[in-house]
Structure formats: C-alpha cells, structure tokens
Amino acid sequence: MRTTQSLIPTLREDPGEAETVSHRLMLRAGMIRKVAAGIYTYLPLGLRILRKIETIVREEMNRAGAQEVLMPIASPAELWRETGRWDFYGKELVRFKDRHERDFCLGPTHEEVITDLIRREVRSYRQLPLNCYQIQTKFRDEIRPRFGLMRGREFIMKDAYSFDRDEAGARISYQKMYDAYSRIFTRCGLTFRAVEADTGLIGGTSSHEFMVLADTGEETIVYADGGTYAANVERAEVAVPAQASPEAPRPLRKVSTPGARSVEDVTALLNIQPAQLVKTLLYQTPDDLVAVLVRGDHEVNEIKVKKLLGVTALEMADPAKVAAATGAPVGFAGPVGLTVRVIADHAVKALRNVVVGANEADAHYVDANWDRDFQIAQFADLRNARAGDPSPQGDGVLRIARGIEVGHVFMLGTKYSKAMNAAFLDPDGKECLAVMGCYGIGVSRVAAAAIEQHHDAKGILWPAPIAPFHVHLLPLSQSATVSATAQTLYDTLSQAGIEVLWDDRDERAGVKFNDADLIGAPCQVVIGEKGLAQGTVELKERRTGAVKKLAPGDVPVQARELLGLR
C-alpha cells in the first residue's frame, strides 16, 4: 500500500483527549478517531490490526471445535426478563422501544440470545457438546468511558457459548477454551497471565481472566513467584496465618486518643505498628449492619465479604448509622460491646493485645483480645492479598502486577439454561438441562493492550502477527534510482508474502522516520542515494534499532527471518 493513496492522518502532537499510551498513539498514528464518548471510527490502519486479531481468534476457535454464528446486536426484552437481567444489569444496558412500543436492548453480551437459539434447535444429547461463537460489535453504556479502546461504550468482541450434557463435559469445553485463549494471546505476541476471577454480572461457578501484563493496566493481579497460582485482587486467596502470637494477654485498658481517627493517627499517637491495630469497619447489607475486622495494615476485600454473607449489595455504613450502632463518630468504632454481627479476617485471630476503637469519641482500647474482650461470629479470608504474603498453594510468596483484561472464560453451569429451560433428552428419554460455559475476548481491547505492552518514546512496537504492515518502505528521495529500487523492493517483498507500507510521499527524511516509528511496523527498509551507490539498502528492526546493510535482493529473505514468518 502506498502512503499517498491511503488515509493515514498522523499527528505530530499528543491530542488533548488522550488518556493512556494506547489512546495517544492510536490517535497520533491515524488508527482511530473519536465519534462520541467511548465510540470510535477505525481508520484503515486500525482496521487492519483488528482484522489480524480476528483472524487469529477465528483460527484458534475453529481449531478448538467451535462454530461461528452471528447474532443480532438488538434483542427483545422478553429474553432478558426470563433470566432477570433486564432489571439487574443496570444502566449499562441500553434499552429502547421500537415503533410498536416493544422493549429491546443493545446487546452487551449474548447469553440470552444464544440460549434461546439452542433451546429451540437442540433436542437430543446426540447434538451435544456444542460451542458457538461470534465476532461482533457490543454496546455497554459505561458511566465513565475512558482510555480510548480500553474502556469504550462500543467495542468489538468475540463471545462463545458452550453447551454440554453434564458438568464433566462442561469442564472439558472450559479447558478447550482456556487452551485456545492461551494460544490466541501467545500468537498475538502478548505477555499474559490467566488469573482466577470473580464471575460478576455474567454469573456462574468459576472463571479466569486473561491479563496482559502492563504498568498502565487497570487491574491489580496477584501471582506466586514460585509457581502457577494467579488471581485478580478481588479473588486472590490469602493463606491462614501459620501460628498465633505467643504473647500472654494483658489487661484491657482505655486510653485517650483525641482527634485520632485514622490508622496513621492512632499508631503515631500510641507509637505502635499498624499490624498491632484492628480496624472495625461497619457495612450496610440489604438486611442489617455488619462489622468487619481486619488488621490495621490490611484492606477489606468487599467481594469476599459479600460472598461470605451471601448478599449482592454491600456499602459502607453512613456516619449516622455508625453513630447509632457504636455511640461514637466515624473513626472510633470497635468490637468491644458492639451488638451488631462481627466477622473478622483470619489474621485477626492470630493477634494478641491489639488496639481497637472504644466506641466513644477520642478513645481507644489497648491490649484487647478477641477471645476475652469481644466475640467474633465467624473468621474468614476477608482481605486483599498483598505482596509478600505466602501463596495459598504453597508455591512461593505473592507478587503484585498490573494487568489489562483481554479475555474472560466462565463456567456458567445451568444458570441460564434453567432460567430459559434449555433442555435436551438424555439416552433414557429424561429431560436434562444443558450445562453452559461462556468465553469472551475483547478484540479491540487486545489491540490497545498490545500497544500498552509494546511501545517506546517514539511510538508503537507491534508484534509481527498483528502489525498493520510488516515492513515500512522508506525511500529518502524521489530520484529515478531510489524510486526504481523502491518499486522493485515493494514488488519482491509483496511476492514473498510480506505486507508493505510504501511511504512514497515527497517529504523530508525526518518526517518519514518519525511517522514510521510512530506507526510501528516491525521492520523498516531505508533506501538512500548514498547506500545505493554502494549497492546496499538498510533493513532496520524497529524494536531494537539494529540495522543491517544489505543488497536489495537479500532484503526479502532477511525480512522474513526477522519477522519470524514461516
């Protein structure tokens, strides 16, 4: 492709709207343009990248035995009401009425639509297992769309849905998709980890997120430095302390702590470490208040608390409710004499002689002990894992990294098949519910995540499999000799299966180099008068900057080797 015949509107300066590296570079490289908040047009370069990712996805999904379908973006409310998600999904679900005043929505995901299809078409166990996937535009009305393609309202997604006869079959389908995802992201040139994750709005019994490791990632992931354990911070397990403190209990004392509401204030005033203090946090559930105790240097994991309590909603109690329950303002709550249900993290059980709030303004208790001075209804893993904690699987200590979610696999069980009666007849003629799994990949997000992981100060460093072009051809003049060599190289590279972007503009060398570095093709071929006088051109690797001076005829073979093309 020639630059003069292409729509590649590169920008010299960073756009004011750019929020992340990928957002900035995709805008500057002329790959996307904003239409509205969280909604983008893909220009030719951007679309080429998406199509390459889609090709890899299709090849691996087909290899895993999935079949491609295409479902509508709009679906009727009746299907969503069957599963209860019409109301539960919230404002992210864009609802509208057609001309007949019938309720519809724009699909953020397609569990209802695919389950409706299967319940109509599958009658016998002989038709299972079945896995159908699509690559299609989704719409979720994010409250704060940001970061370009990382969190848009409209995005391109691959979603797949498996249907099996039983749990054992569903686990096989789940593993096939897990393996397919690992191959997809490896082929895309990404460094990633599969982490245990919460099931969220999709629901189900278990799930894994595939996280691209990048410093700019929105998600915090936890992994063992000596093994395979990995999970996102909401799901990461924390091992129970190996032993309790050997200290003998001391008498309980009340001390004055004027104005000391925070952990930092109290520990500084009493000259103790945060690990010697126990925080008492009051939460409002749909039914009542509950107090959660964690060590002063730990943070409550609200996802874990919700699961322990079996509730779908949980929020910090407001100051009025805290005062009513404790008799003290926020910052002085403690478990001694507290009448609401008290639950605590495992680490609290191992402590002795701790500092807690005294349930009165400007006062704390010192040397409190849970088995003497207050009661705990239940101990559980209720905190966020942190770096240095022992791995729950015994494979080293935990480390923390940032990640970008690009894929998610869910074991759904019968959540949707039961709600929508997606049943089949087993060999004995008994009606059974299909056991489901669902599997998503954010195709457009993969493109952005690749940039977040692969860039430098000059621009993008595309992995070859998903680069818009393999080679950027850069003639440094418009002379007959340089132009003829460029034409010959363009033809021979193309015939060798190498995709070439030919910068045939009448521009200064600096402009061409800057644009080439910005766009990020893995290889650059530089053609200049001086080099041709010596019978050579330059083959430059964009990622390392390494340059080889080659005879023009040697470029195709060397470029294929550099690109890793088979």
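Reader: The axes of α1 and α13 come within 8 Å and cross at roughly 105 degrees. What does that crossing make α1 relative to α13?

Author: It makes α1 roughly perpendicular to α13, because that label covers angles of 65 to 115 degrees (under 35 counts as roughly parallel, over 145 as roughly antiparallel, and the rest as oblique). An axis here is a line fitted to C-alpha atoms, for helices over the stretch in contact, and angles run from 0 to 180 degrees between N-to-C directions. Please keep in mind that this is a predicted model, where local features need pLDDT of at least 70 and side-chain atom pairs count only at pLDDT 80 or more, while totals for chains, interfaces and linings use all residues. Residues are numbered from 1 along each chain as its sequence is written, and side-chain values use heavy atoms, without hydrogens and water.

Reader: Which residues of α1 and α13 meet?

Author: On the α1 side they are V21, S22, L25 and M26, and on the α13 side A448, I451 and E452. Contact means heavy atoms within 4.5 Å. Sorted by type, the residues of this contact give five nonpolar, one polar and one charged.

Reader: What makes α1 largely enclosed by the rest of the structure?

Author: Seven of the eight residues of this helix (residues 21–28) are buried, so α1 is largely enclosed. Buried means under 20% relative accessible area, exposed means over 50%, and partly exposed lies in between (1.4 Å probe, protein chains only). The buried ones are V21, S22, H23, L25, M26, L27 and R28, and they pack against β1 (32–36), β2 (39–42), α13 (443–453) and α15 (509–519). Just after α1 comes G30, with a positive phi near 70 degrees.

Reader: Why is H364 called buried?

Author: H364 has a relative accessible area of 4%, so it falls in the buried class. You can find H364 in strand β19 (residues 363–368). Beyond its neighbours within four places in sequence, H364 touches twelve named partners if you follow the full list, among them R253, K254, V255, F332 and V355.

Reader: What makes the pair H364 and T257 a polar contact?

Author: Their side chains come to 2.8 Å. A polar contact is a pair of N or O atoms within 3.5 Å; within protein, one must be able to donate a hydrogen and the other to accept it, and residues adjacent in sequence count only if both atoms are side-chain atoms.

Reader: How do you know which strands pair with β17?

Author: Two strands pair if DSSP finds at least two bridges between them. Strand β15 (residues 289–295) has four bridges to β17, in parallel, and L293 stands opposite A344 there. Three bridges, also parallel, link β17 to β20 (residues 378–380), with I343 opposite Q378. These strands belong to an open sheet of five, ordered β16-β14-β15-β17-β20, with mixed pairing.

Reader: What makes β16 and β20 the edge strands?

Author: Each of the two pairs on one side only. Further in, β14 (residues 278–284) and β15 run antiparallel over seven bridges.

Reader: How do you know that both faces of β24 are covered?

Author: V435, G437, Y439 and I441 on one side and M436, C438, G440 and G442 on the other are all buried. In a regular strand the side chains alternate between the two faces of the sheet. Strand β8 (residues 154–164) pairs with β24 in the antiparallel sense over eight bridges, and β21 (residues 398–413) does so over six.

Terms used
Ala, Val, Leu, Ile, Met, Phe, Trp, Tyr, Cys and Pro count as nonpolar, Asp, Glu, Lys and Arg as charged, and the others, Gly among them, as polar.
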